[in-house]
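The following paragraphs go through one protein chain and its ligand. They begin with the chain as a whole and end with single residues in the loops.

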Amino acid sequence: MAGTPGRFLAAVLLLVSSGLHRSSTCPDSCTCPRAPLLNCSSTGLSSAPRLLRDSVAELDLSHNLLDSVSLDQPHRNLRDLWLGDNRIARLSLCVERNRGRRRLRGSRTWRGRGCESWAPALQLLSVERNQLQQLPQGLDGSESLQVLQLSFNRISTLRPGELRHLRQLKELHLQHNLISSLHPQMFQDLVQLRVLDLSFNMLTSLHPLTHLSLRNIGADVRLGGNRWQCDCSMRSLRRRMAFDGSRGLQAWSLVCASPSVLSGRNLLQLEDDDLNCFRTENGPELHRDVTVYRGSEILLSCAPQGNSHKCTIT
Ligand SMILES: *[C@@H]1O[C@H](CO)[C@@H](O)[C@H](O)[C@H]1NC(C)=O
């Protein structure tokens with residue numbers, strides 16, 4: 001009789017201590033060299049842990065076989081996340097619907113326009129060398145993000161407004177992707193931006209407003225290895241860049257890819273007359289639709305022609 005409660009107590013103690021033990025050690029094959037770091041790099045992982053100790057602030061899952069990564073609930077301590085060299089084609093920072101206990105946890109990270117982020121305190125997100133075709137979803141829930149590393153993916157389009165809330169962002173690495181065009185206001189809210197690397201994409205032209213906003217922010221913009229098409233639409237940009245150069249501001253390096261006669265030439269070393277648009281001799285005049293964004297200025301030069309005036313955008 002006397003032995004039974006004692007044995008019961010011992011069993012309870014054992015359960016408690018094994019529970020404590022499990023939560024304080026490192027998951028199999030990962031390393032935890034310092035308390036906030038969980039390093040599962042190069043461990044052959046094919047699925048990411050869905051649950052994470054609350055104390056983890058740095059999570060390295062790089063060099064694995066991951067197709068996707070998602071956590072079940074917001075991790076307010078998670079600061080740095082490395083996912084490079086995996087197979088991720090789509091990444092969402094949104095807590096998945098019907099997972100976790102979102103409704104019970106209040107709505108502090110819930111954003112009406114977006115989603116509840118599982119990484120609301122993220123400062124560094126590194127997803128280079130994966131198969132992303134778009135920017136990660138739910139980025140606007142990580143307003144503290146400072147470094148976003150997305151190079152060597154297959155990103156082809158950036159949707160306007162996707163980066164609008166990243167007002168702390170200092171570095172945006174998009175080199176070696178498939179981006180072919182940029183919305184003129186894409187980067188205008190990134191007031192802290194220091195480095196924007198767009199080199200080795202498929203860009204053919206740059207809207208003067210993009211230049212204006214990035215120049216005002218003062219970012220170091222890298223544009224090499226694109227498909228810059230140096231035609232008449234580049235005149236305005238060339239003039240703005242030349243003007244900056246004359247004021248001692250750092251000039252961007254934009255090397256023409258086409259037309260072939262200008263291939264390899266730096267835009268800044270060209271004259272307006274070099275930047276031509278195809279026009280058939282005695283053929284119809286070249287007309288183009290021009291989109292003017294709210295708040296931007298355009299310059300029209302008009303000359304009398306017959307009974308009316310003919311205006312062109314310079
Ligand atoms: C994780 O470990 C690898 C070596 O296994 C190392 O190269 C990497 O820098 C570590 N990650 C961090 C964030 O310290």
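Among the contacts in the protein chain that join residues at least 6 apart in sequence, 50% are between residues at least 24 apart. The model is a predicted one, and the mean pLDDT of the protein chain is 83, with 75% of its residues at 70 or more. Residues 1–23 have a pLDDT below 50, and beyond near neighbours in sequence this stretch makes 1 contact in the model. The pLDDT is also below 50 over residues 99–112, but here the model has 23 contacts beyond near neighbours in sequence.

The protein chain contains 3 helices and 10 strands. Read from the N terminus, the order of these elements is α-β-β-β-β-β-β-β-α-β-α-β-β. The protein chain has 314 residues, and 38% of them count as buried. Its accessible surface is about 18100 Å², and carbon and sulfur atoms account for 50% of this.

Next comes the ligand. Which residues are around the ligand? They are Leu37, Asn39, Asp60 and Trp82. By class, this shell divides into 2 nonpolar residues, 1 polar and 1 charged. Strand S1 covers residues 37–39, and Leu37 and Asn39 of the shell carry the numbers at its two ends. Strand S2 spans 58–60 and strand S3 spans 80–82, so that Asp60 falls in S2 and Trp82 in S3 by these ranges. Two side chains of the shell have polar atoms placed close to ligand atoms of known type. For Asn39, a polar side-chain atom is 2.3 Å from an oxygen atom of the ligand. For Asp60, a polar side-chain atom is 2.8 Å from a nitrogen atom of the ligand. The ligand taken alone exposes 360 Å², of which the protein buries 45%.

The loop between S2 and S3 holds Ser70. Is Ser70 buried or exposed? Its relative accessibility is 10%, and because buried means under 20%, Ser70 counts as buried. Apart from neighbours within four places in sequence, Ser70 is in contact with Pro49, Arg50, Cys94, Glu96 and Trp118.

Further along the chain, Leu132 sits in the loop between strand S4 (124–126) and strand S5 (147–149). Leu132 is buried, and its relative accessible area is 0%. Not counting residues up to four places away in sequence, Leu132 touches Ile88, Ala89, Arg90, Leu91, Val127, Leu150, Asn153, Arg154 and Ile155. One of these, Arg90, is 42 residues from Leu132 in sequence, yet their C-alpha atoms are 5.6 Å apart in space.

The loop that follows S5 and leads to strand S6 (171–173) contains Ser156. Ser156 is partly exposed, at a relative accessible area of 31%. With neighbours within four places in sequence left aside, the contacts of Ser156 are with Gln133, Leu178, Ile179 and Ser180. Between the C-alpha atoms of Ser156 and Leu135 the separation is 9.4 Å, and the two residues are 21 apart along the chain.

The last topic is backbone geometry. Most residues other than glycine have a negative phi, and most peptide bonds are trans. Ser29 is not a glycine, but has a positive phi of about 70°. This residue belongs to the loop between helix H1 (3–24) and strand S1. Ser29 is exposed, with 52% relative accessible area. Phe200 also has a positive phi, near 55°, and is a residue other than glycine. Where is Phe200 placed? The loop between strand S7 (195–197) and helix H2 (208–217) holds Phe200. Its relative accessible area is 44%, which makes Phe200 partly exposed.

The peptide bond from Ser258 to Pro259 is cis, and its omega is near -5°. Pro259 lies in the loop that runs between helix H3 (235–246) and strand S9 (300–305).

Methods: Residues are numbered from 1 along each chain as its sequence is written. This is a predicted model: local features need pLDDT of at least 70, side-chain atom pairs count only at pLDDT 80 or more; totals for chains, interfaces and linings use all residues. Side-chain values use heavy atoms; hydrogens and water are left out. Helices (H or I, at least four residues) and strands (E, at least two) are DSSP runs, numbered from the N terminus. Buried means under 20% relative accessible area, exposed over 50%, partly exposed in between (1.4 Å probe, protein chains only). Contact means heavy atoms within 4.5 Å. Accessible areas come from the Shrake-Rupley method with a 1.4 Å probe; for residues, only the protein chains shown count as cover. pLDDT is the predictor's confidence in each residue, from 0 to 100. A residue is near a molecule or strand if one of its heavy atoms lies within 4 Å of it. A polar contact is a pair of N or O atoms within 3.5 Å; within protein, one must be able to donate a hydrogen and the other to accept it, and residues adjacent in sequence count only if both atoms are side-chain atoms. Ala, Val, Leu, Ile, Met, Phe, Trp, Tyr, Cys and Pro count as nonpolar, Asp, Glu, Lys and Arg as charged, and the others, Gly among them, as polar.
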